[in-house]
Amino acid sequence: MTQPGNVRLIRVNCTGMVDPKYVIKALLAGADAVLVSGCHPGDCHYINGNYKARRRVKLLQEILSRFGIDKKRIKITWIGASEGNVFAETIKAMVSEIKELGPVEARNLTI
Ligand code: FES
């Protein structure tokens, strides 16, 4: 399966390990969006990591929207390890959506 060339995958053991600082740093470093993708609810190997991630992403969306960053730029999805095709389609759809929004203006922010 192919992905757009402008996508960078960063693997972590669990979405619960995605610190909100990582998302903010990615946006400040030039990323136009961040997708956090983890196991389906109830399937997390660390019991509740994906629920923690969901709360963090929601909070990030709220906070960053106050700085003018569209909520669509930070997403969370549930995609299992055996759903590679769903993952590829999700990334393609997000890239297309973000291209319509244009570049993020986060580089000029000081948070
Ligand atoms: S192991 Fe926690 S989300 Fe997949």
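A residue counts as buried here if 20 or more other C-beta atoms lie within 10 Å of its own, and as exposed if 12 or fewer do. With that in hand, let us walk through this predicted model, starting with helix H2.

In H2, the buried residues are Asn 50, Ala 53, Val 57, Leu 60 and Leu 64. Viewed down the helix axis, they fall within an arc of 75°, so they line one face of H2. The spacing makes sense in general terms: an α-helix has 3.6 residues a turn, so residues three or four places apart point the same way. Turn to the other side of H2 and you meet exposed residues, namely Arg 55, Leu 59 and Glu 62. As for what lies over the buried residues of H2, the cover includes H1, S1 and S2. The length of this helix is also a nice check: at 1.5 Å a residue, its 17 residues should span 24 Å, and the end C-alpha atoms are 24 Å apart, which agrees.

Now step back to helix H1, residues 20–28, where Val 23, Ile 24 and Leu 27 are buried. Why do these three belong together? They cover an arc of only 95° around the axis, which puts them on the same side of H1. Their cover includes strand S1 (34–38), helix H2 (49–65) and strand S2 (74–78). Just after H1, have a look at the backbone of Gly 30, which takes a positive phi of about 125°.

From there the chain takes us to S1, a strand that is mostly covered, with five of its five residues buried. Both of its faces are covered: Val 34, Val 36 and Gly 38 are buried on one side, while Leu 35 and Ser 37 are buried on the other. Which strand does S1 pair with? S1 is joined to S2 by five bridges, and the two run parallel. One place to see this is Ser 37, whose bridge partner in S2 is Thr 77. Put the helix back between the strands, and S1, H2 and S2 make a right-handed β-α-β unit.

These elements also come together in the largest nonpolar core, which has 19 residues; Val 34, Val 36 and Ile 74 touch the most other members. At least two residues of this core come from each of H1, S1, H2, S2 and helix H3 (84–101). H2 gives the largest share, four residues. Val 36 is a good residue to click on: leaving aside neighbours within four places in sequence, Val 36 is in contact with Thr 15, Val 18, Ala 53, Val 57 and Ile 76.

Our last stop is Val 95, which sits in helix H3. Is Val 95 buried or partly exposed? It has 17 other C-beta atoms within 10 Å, and so it is partly exposed. Not counting residues up to four places away in sequence, Val 95 touches Pro 4 and Val 7. Val 95 and Asp 32 make another pair to look at: they are 63 residues apart in sequence, yet 9.2 Å apart in space, C-alpha to C-alpha.

Definitions and conventions: Residues are numbered from 1 along each chain as its sequence is written. This is a predicted model: local features need pLDDT of at least 70, side-chain atom pairs count only at pLDDT 80 or more; totals for chains, interfaces and linings use all residues. The arc is that of the directions from the helix axis to the C-beta atoms. Two residues are in contact if their C-beta atoms, placed from the backbone, lie within 7 Å. A nonpolar core is a set of buried Ala, Val, Leu, Ile, Met, Phe, Trp, Tyr and Cys residues joined through C-beta atoms within 7 Å. Two strands pair if DSSP finds at least two bridges between them. A crossover is right-handed if, with the strands pointing away from the viewer, the path from the first strand over the helix to the second runs clockwise. The expected span of a helix is 1.5 Å times one less than its number of residues.
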